[in-house]
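Welcome to a short set of exercises. Try each task on your own before you read the solution below it.

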Amino acid sequence: MSEESVAGGPREVADGIEIRSARTEEIEEMLPLIRAYCEFYETEPNDDRLREMFRTLMTEPSEGAVFVACEDGRPVGFATLDWKWSSLKAARVGYLEDLFVDPVARGKGIADALIEVCAERCRELGLPAMQWLTAPDNLRAQQVYNRTGAESDTYVEYDLTL
């Protein structure tokens with residue numbers, strides 16, 4: 001991790017950007033962003049299942065949370081947060097499942113602000129940590145993550161399709 005990238009800390013969010021909890025009535029308007037995120041990772045999940053997942057995270061706090069970034073009232077980014085148990089921390093931790101900002105809205109501090117609002121929710125719940133992962137070649141995201149002061153590790157993720 002580069003000390004220089006961390007030293008500057010997270011970017012301030014640009015004027016006119018609102019970061020807040022997402023509402024179920026916004027799911028349809030958020031769906032193109034969700035789909036773009038999935039396409040970035042070369043997946044094509046079913047839209048109805050995505051709607052169900054986002055509705056659950058928005059309406060059942062025990063399952064997680066969804067935050068949205070809006071510019072001029074229009075969604076331009078989102079983050080999903082859920083919970084998992086960590087034996088290594090002997091506690092439940094926050095897990096930043098998804099983070100995406102529309103390419104035309106990047107560079108305005110939106111990703112930094114979405115990470116911070118997720119971290120704040122974890123703090124409110126008394127969780128000791130928030131974790132996430134990204135693709136090894138997603139260098140743009142890694143620059144954002146390095147600014148937060150988070151530390152990367154060397155674990156290799158496996159995915160068993162069932």
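## Exercise 1: An arginine with two partners

At 47% relative accessibility, Arg 123 counts as partly exposed. Keep in mind that this is a predicted model.

**Task.** Find which residues form salt bridges with Arg 123.

**Solution.**
- Step 1. Start with Glu 116: its salt bridge with Arg 123 has the closest N and O atoms 2.9 Å apart.
- Step 2. Turn to Glu 120, which also forms a salt bridge with Arg 123, with 3.1 Å between the closest N and O atoms.
- Step 3. Look at the positions. Glu 120 and Arg 123 are three residues apart in helix α4 (residues 110-124), so about one helical turn separates them.
- Step 4. Check the exposure of both partners. Glu 116 has a relative accessible area of 39% and Glu 120 has 35%. Buried means under 20% and exposed over 50%, so Glu 116 is partly exposed, and Glu 120 is partly exposed as well.

## Exercise 2: A link between two helices

**Task.** Say which helices the salt bridge between Arg 51 and Glu 28 links, and decide whether Arg 51 is buried or exposed.

**Solution.**
- Step 1. Find the contact: the side chains of Arg 51 and Glu 28 meet in a salt bridge of 2.5 Å, N to O.
- Step 2. Place both residues. Arg 51 sits in helix α3 (residues 47-59) and Glu 28 in helix α2 (residues 27-40); with their positions 23 residues apart, the pair links distant parts of the chain.
- Step 3. Apply the cut-off of 20%. Arg 51 has a relative accessibility of 19%, so Arg 51 counts as buried. Glu 28, at 45%, counts as partly exposed.
- Step 4. Widen the view: the structure holds eleven salt bridges. Elsewhere, a network of salt bridges links Glu 18, Arg 20, Arg 23, Glu 25 and Glu 26.

## Exercise 3: A buried phenylalanine

**Task.** Describe where Phe 54 is found and which residues Phe 54 touches.

**Solution.**
- Step 1. Locate Phe 54 in helix α3.
- Step 2. Read its relative accessibility, which is 2%, so Phe 54 counts as buried.
- Step 3. List the contacts. Leaving aside residues up to four places away in sequence, Phe 54 touches Ile 27, Met 30, Ile 34, Val 66, Phe 78 and Thr 80.
- Step 4. Compare a distance in space with one along the chain: Phe 54 and Leu 31 are 23 residues apart in sequence, and 9.7 Å separates their C-alpha atoms.

## Exercise 4: The second largest pocket

**Task.** Work out which element gives the largest share of the lining of the second largest pocket.

**Solution.**
- Step 1. Begin with the pocket itself, which has a volume of about 1,200 Å³. Of its 42 lining residues, Tyr 37, Tyr 41, Glu 97, Asp 98 and Leu 99 are the closest to its centre.
- Step 2. Gather the candidates. At least two lining residues come from each of α2, α3, β3 (74-86), β4 (91-101), α4 and α5 (139-147).
- Step 3. Pick the answer: β4 gives the largest share, with seven residues.
- Step 4. Sort the lining by class: 25 residues are nonpolar, six are polar and eleven are charged.

## Exercise 5: The whole chain

**Task.** State how many helices and strands the protein chain has, and in what order they run.

**Solution.**
- Step 1. Count the elements: there are five helices and five strands.
- Step 2. Follow them from the N terminus: α-β-α-α-β-β-β-α-β-α.
- Step 3. Add the burial: 41% of the 162 residues count as buried.

Notes. Residues numbered from 1 in each chain as written. Predicted model: local features only at pLDDT ≥ 70, side-chain atom pairs only at ≥ 80, totals over all residues. Heavy atoms only, no water. Helix = DSSP H or I, 4+ residues; strand = E, 2+ residues; numbered from the N terminus. Buried < 20%, exposed > 50% of the residue type's maximum accessible area, 1.4 Å probe, protein only. Salt bridge = Lys/Arg side-chain N within 4 Å of Asp/Glu carboxyl O. 1 Å grid on protein atoms, 1.4 Å probe; cavity = no way out; pocket = protein on both sides within 12 Å on 5 of 7 lines; lining within 4 Å. Points joined across faces, edges and corners; volume = space filled by probe spheres on them. Nonpolar A, V, L, I, M, F, W, Y, C, P; charged D, E, K, R; others polar. Contact = heavy atoms within 4.5 Å.
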